Amino acid sequence: MQLAFISPGCALCCQILSVFGILFLIILGFLFTAEVEELTGSTEDPVNPKEVGHACFVAAAIYAGFFFCCSCQQMVRQSDSRRARRL
């Protein structure tokens, strides 16, 4: 049964982009939660920066889910290639 449905190149690209997305969103989440003046001091900034910080953390969790899915795909591809070499 073929469990790998993402190509190795796409899985690797997704992993790399997810790592950067997770880092960026976690940093933004902490900055909005701390109500840093540069992000919350203008008239066009969000009314409730703590909610924006929470949304950044949720988005980082979604990126972590994609990272986990693509990592599993990489492991499935590696185990399939090892199994094919034994046969």
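Colleague: Which residue with a positive phi follows α1?

Modeller: This is a predicted model, and the angle is computed from its atoms. Most residues other than glycine have a negative phi. The residue in question is not glycine, yet its phi is positive, near 55 degrees. The residue that follows α1 with this angle is Glu 35.

Colleague: Where is Glu 35 found?

Modeller: Glu 35 is partly exposed, because its relative accessible area is 39%, between the cut-offs of 20% and 50%. Among the residues touching Glu 35 is Lys 50. As for its place, Glu 35 is found in the loop between α1 and α2.

Colleague: What pattern does the protein follow, read along the sequence?

Modeller: The protein has 3 helices and 0 strands. Helix α1 covers residues 8-33, and helix α3 covers residues 49-86. Read along the sequence, the pattern is α-α-α.

Colleague: How far apart are the end C-alpha atoms of α1?

Modeller: Helix α1 has 26 residues, and at 1.5 Å a residue they should span 38 Å. The distance found in the model agrees with that span. The end C-alpha atoms of α1 are apart by 37 Å.

Colleague: Which residues of α1 are buried?

Modeller: An α-helix has 3.6 residues a turn, so residues three or four places apart point the same way. With that in mind, the list can be read along the helix. The buried residues of α1 are Ala 11, Gln 15, Ser 18, Gly 21, Ile 22, Leu 25, Leu 28, Gly 29 and Phe 32.

Colleague: Is Leu 17, by its relative accessibility, buried or exposed?

Modeller: Leu 17 is found in helix α1. Its C-alpha atom is separated by 8.8 Å from that of Tyr 63, 46 residues apart along the chain. Its relative accessibility is 54%, and the cut-off is over 50%, so Leu 17 counts as exposed.

Colleague: What does Ser 18 touch, not counting residues up to four places away in sequence?

Modeller: Ser 18 is in helix α1. Its relative accessible area is 3%, under the 20% cut-off, and therefore Ser 18 is buried. Outside its sequence neighbours, Ser 18 touches Tyr 63, Phe 66 and Phe 67.

Colleague: What does Gln 15 touch, not counting residues up to four places away in sequence?

Modeller: Gln 15 is also placed in helix α1. Gln 15 is buried, because its relative accessible area is 13%, under 20%. Beyond four places in sequence, Gln 15 touches Phe 67, Cys 70, Ser 71 and Gln 74.

Colleague: Which 5 residues form the largest nonpolar core?

Modeller: In soluble globular proteins, nonpolar side chains tend to be buried together. One residue of this core, Cys 56, counts as buried because its relative accessibility is 11%, under 20%. The largest nonpolar core is made of Leu 25, Leu 28, Phe 32, Cys 56 and Ala 60.

Colleague: Which helix gives the most to this core?

Modeller: α1 and α3 each supply at least two residues of the core. The greatest contribution, 3 residues, comes from α1.

Colleague: How many disulfides does the structure hold?

Modeller: A disulfide needs two cysteine sulfur atoms within 2.5 Å. The structure meets this requirement nowhere, as its count is 0. For Cys 13, the nearest cysteine sulfur is that of Cys 10, 7.0 Å away, and Cys 13 is in no disulfide. The number of disulfides held is 0.

Colleague: Which residues is Lys 50 in contact with, leaving aside its neighbours within four places in sequence?

Modeller: Lys 50 is found in helix α3, and its C-alpha atom lies 9.1 Å from that of Phe 30, 20 residues apart in sequence. Lys 50 is partly exposed, with a relative accessible area of 45%. Its contacts beyond four places in sequence are Phe 32, Thr 33 and Glu 35.

Colleague: What share of contacts between residues at least 6 apart in sequence join residues at least 24 apart?

Modeller: The contact between Ser 18 and Tyr 63 is an example of two residues meeting across the chain. Across the protein, the share of such contacts that join residues at least 24 apart is 71%.

Colleague: Which element has the lowest mean pLDDT?

Modeller: The mean pLDDT of the protein is 86, and 86% of its residues reach 70 or more. Among the elements, α1 has the highest mean, 94. The lowest mean, 82, belongs to α2.

Note on methods: Residues numbered from 1 in each chain as written. Predicted model: local features only at pLDDT ≥ 70, side-chain atom pairs only at ≥ 80, totals over all residues. Heavy atoms only, no water. Helix = DSSP H or I, 4+ residues; strand = E, 2+ residues; numbered from the N terminus. Contact = heavy atoms within 4.5 Å. Buried < 20%, exposed > 50% of the residue type's maximum accessible area, 1.4 Å probe, protein only. Expected span 1.5 Å × (residues − 1). Core = buried A, V, L, I, M, F, W, Y, C linked by side-chain atoms within 4.5 Å. pLDDT = per-residue confidence, 0-100.
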